[in-house]
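These are my notebook entries on one protein model. I set down what I looked up and in which order.

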Amino acid sequence: MYLDPYLANCVKSHIAQIKQHLSSPLPTDSQNFARSAYLALLGLLILLAEPEKGGIASPGYGVAEEMVNYIRQHYADPSLNTEQIAKHFARHRSAIYTAFEFATGFSIKEFLDRYRVFAGKKLLAFTRLPVAEVAIQVGCSNENTFIATFKRVCGTTPGNFRKKLRRQNPAAR
């Protein structure tokens, strides 16, 4: 069962605080409030953990997490797409697409595009590579595809992004 560590720690912390309030001598109204809050948190945790209701213990989350890691490792491969990912995970394309989008909020293509742009931003900021070379290194099939994807995701072109960074930090020229 996969449970997001941050969420798990938040829930544990809240439950511990509520248990402490329940064990201390409090006026009846405060105890009732603490009991209600405790039950509400437990109900939320149970709901989140129910796979049949799409909770975070759902099998889709584990697969989606594996797919995210796979994309991070292979994003520079220009042939990486939903079909290739489905083949790697030995699952039907529509099944992984649905699980991934449900777990991340993005389609696989959108996540891949955004990750490639993220990697491209790092290269644009910290190297002097031409945009065409950055495009190749982040797995885009050509410079025009990278520029169009970058502009869609960031609202500006890679060249303008780099110029803005250099204006903000003249030492980086």
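Entry 1. Charged pairs

In which helix do Glu110 and Arg114 both lie, and how many residues apart are they? I found both in helix α6, which spans residues 108-126. They stand four residues apart, about one turn of the helix. I note at the outset that this is a predicted model.

I then looked up the contact between the two side chains. Glu110 forms a salt bridge with Arg114, with the closest N and O atoms 2.8 Å apart. Glu110 counts as buried because its relative accessibility is 18%, under the 20% cut-off. Arg114, at 37% relative accessibility, counts as partly exposed.

I next asked which other partner Glu110 has. The side chain of Glu110 also meets that of Arg152 in a salt bridge, at 2.8 Å from N to O. This pair links distant parts of the chain, since Glu110 sits in helix α6 and Arg152 in helix α8 (residues 143-154), 42 residues apart.

I followed Arg152 further. Arg152 has a relative accessible area of 46% and is therefore partly exposed. Arg152 forms a salt bridge with Asp113 as well, the closest N and O atoms being 2.6 Å apart. Because Arg152 lies in helix α8 and Asp113 in helix α6, this pair ties together parts that are 39 residues apart in sequence. Asp113 is buried, with a relative accessible area of 8%. Through shared partners, salt bridges join Lys109, Glu110, Asp113, Arg114 and Arg152 into one network. I recorded a count of five salt bridges.

Entry 2. A buried arginine

Does Arg162 have a salt-bridge partner, or has it none? I found that Arg162 is buried and has no salt bridge. The nearest side chain of opposite charge is that of Glu143, 9.1 Å away. Arg162 lies in helix α9, residues 158-168.

I therefore looked for backbone partners instead. The side chain of Arg162 reaches the backbone oxygen of Leu124 at 3.0 Å. A polar atom of the same side chain, that of Arg162, lies 3.1 Å from the backbone oxygen of Thr127. Setting aside residues up to four places away in sequence, I listed the residues that Arg162 touches: Leu123, Leu124, Thr127, Arg128, Leu129 and Pro130.

Entry 3. Thr82

I checked whether Thr82 is buried or exposed. Thr82 counts as buried because its relative accessibility is 11%. Thr82 lies in helix α4, residues 82-88. Apart from neighbours within four places in sequence, Thr82 is in contact with Arg93, Ile96 and Ile108.

Entry 4. The chain as a whole

I counted nine helices and zero strands in the protein chain. Of its 173 residues, 31% are buried. The accessible surface comes to about 10,800 Å², and 57% of it belongs to carbon and sulfur atoms. Among contacts between residues at least 6 apart in sequence, 49% join residues at least 24 apart.

Entry 5. Confidence

How far does the confidence vary between elements of the protein chain? Helix α2 (residues 28-49) has the lowest mean pLDDT, 57, and helix α7 (residues 131-137) the highest, 97. The protein chain averages 78, and 62% of the residues score at least 70. Over residues 49-59 the pLDDT stays under 50. For that stretch the model has 21 contacts beyond four places in sequence. Where pLDDT is low, the predicted coordinates should not be read in detail.

Note on methods
Residues numbered from 1 in each chain as written. Predicted model: local features only at pLDDT ≥ 70, side-chain atom pairs only at ≥ 80, totals over all residues. Heavy atoms only, no water. Helix = DSSP H or I, 4+ residues; strand = E, 2+ residues; numbered from the N terminus. Buried < 20%, exposed > 50% of the residue type's maximum accessible area, 1.4 Å probe, protein only. Lys, Arg positive; Asp, Glu negative; His and termini not counted. Salt bridge = Lys/Arg side-chain N within 4 Å of Asp/Glu carboxyl O. Polar contact = N/O pair within 3.5 Å; in protein donor to acceptor, adjacent residues only side chain to side chain. Contact = heavy atoms within 4.5 Å. pLDDT = per-residue confidence, 0-100. Areas by Shrake-Rupley, 256 points an atom, 1.4 Å probe, with all protein chains shown as cover.
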